[in-house]
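Let's walk through this fold together, one pairing and one packing at a time. Have the viewer open and follow along.

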Amino acid sequence: QEENLLSSGTAEKIQKIFSEYKQTGEYETFVNRFLTQWVEGLKGQSIISVKRVAAQIVQEQKHKIFPYVNKTIQNLRANYDICLVTAEPDFVAEAIGQELGVSTYISSTFELDGGLYTGQPSILLASRQQKKENLRELLLNYDPQKSIAFGDSPGDIDMLLTVGGKFCVNPRNELEELAQKNGWNIDPQNPDEYLLIRERLP
């Protein structure tokens with residue numbers, strides 16, 4: 001179903017981008033190329049079809065979401081407003097948000113014309129700086145030092161630097177090195193670990 005929505009050859013090109021990323025580890029270059037190829041591959045597809053398939057894929061893959069994410073969100077919801085921040089396009093963020101019970105998100109967006117994707121991006125959160133800039137407006141309504149963020153990739157570094165509570169979930173590459181150097185919270189993949197989060201909040 002997923003490949004049926006992509007133009008011919010797009011899935012193979014995306015797979016090649018993933019393979020090259022595994023070799024180079026250049027995160028921002030990878031995300032930019034990946035999103036650019038994705039948006040081009042969806043040209044002419046309807047938003048209704050794309051949202052439907054995105055929801056189906058999230059349902060099929062939800063077992064891969066970190067096992068304590070739902071419990072963590074439930075634990076924090078009473079005292080925090082929850083917002084998803086992702087480089088993924090909005091139709092993916094929306095589908096994940098529906099699964100997690102979160103309606104606010106900051107994401108990449110692909111341009112639409114008459115309900116069809118044009119093959120051009122509107123917003124690409126492909127860099128740390130772009131994520132930070134898109135967070136700035138949201139944080140105008142909050143105290144950054146009393147806010148917390150969870151990140152798992154180098155693209156989350158500037159977001160984590162912006163807030164008082166920094167939590168790294170299965171961090172990789174540059175993020176892992178920075179977290180260890182600065183003593184940021186690094187959570188193991190333990191379903192019960194969310195119980196300790198409240199004790200470590202700012």
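Let's begin at one pair of residues: F150 stands opposite F167 in β5. The model is a predicted one, in which local features need pLDDT of at least 70 and side-chain atom pairs count only at pLDDT 80 or more, while totals for chains, interfaces and linings use all residues. Residues are numbered from 1 along each chain as its sequence is written, and side-chain values use heavy atoms, with hydrogens and water left out.

That pair belongs to a wider pairing, as 4 bridges join β4 to strand β5 (residues 165–169), and the two run parallel. Helices (H or I, at least four residues) and strands (E, at least two) are DSSP runs, numbered from the N terminus, and two strands pair if DSSP finds at least two bridges between them. Strands of a sheet pair through backbone hydrogen bonds, either parallel or antiparallel. Here 3 strands make an open sheet in the order β4-β5-β6, and the pairing is parallel. At its edges are β4 (148–151) and β6 (185–187), each of which pairs on one side only. From one strand to the next, the twist averages 25 degrees.

Now move to the sheet ordered β1-β2-β3, which is also described as open and has 3 strands, with mixed pairing. Its edges are β1 (84–89) and β3 (116–123); each has a single partner strand, so one side of each is left without a neighbour in the sheet. The twist here averages 35 degrees from one strand to the next. Strand β2 (residues 105–113) and β3 run antiparallel, joined by 4 bridges, and D113 stands opposite L116 in β3. Helix α2 (residues 27–41) packs on this sheet, touching β1, β2 and β3, and its direction makes about 60 degrees with that of β1.

Pause at T118, which has its place in strand β3. Leaving aside residues up to four places away in sequence, T118 touches K43, E111, L112 and D113, where contact means heavy atoms within 4.5 Å. K43 is 75 residues from T118 in sequence, yet their C-alpha atoms are 5.0 Å apart in space. The side chain of T118 also makes a polar contact with the side chain of E111 (2.6 Å). A polar contact is a pair of N or O atoms within 3.5 Å; within protein, one must be able to donate a hydrogen and the other to accept it, and residues adjacent in sequence count only if both atoms are side-chain atoms. In addition, a polar atom of the T118 side chain lies 3.2 Å from the backbone nitrogen of Q120.

Next come the helix pairs. The axes of helix α1 (residues 10–24) and α2 come within 10 Å and cross at roughly 175 degrees; axes are lines fitted to C-alpha atoms, for helices over the stretch in contact, and angles run from 0 to 180 degrees between N-to-C directions. The two helices are therefore roughly antiparallel to each other, given that angles under 35 degrees count as roughly parallel, over 145 as roughly antiparallel, 65 to 115 as roughly perpendicular and the rest as oblique. Residues making this contact include I14, F18 and Y21 of α1 and F30, F34 and W38 of α2.

The other pair is helix α3 (residues 47–61) and helix α5 (residues 90–100), whose axes come within 9 Å and cross at roughly 45 degrees. That angle makes α3 oblique to α5. Among the residues in contact are V50, A54 and V58 of α3 and F91, A95 and I96 of α5.
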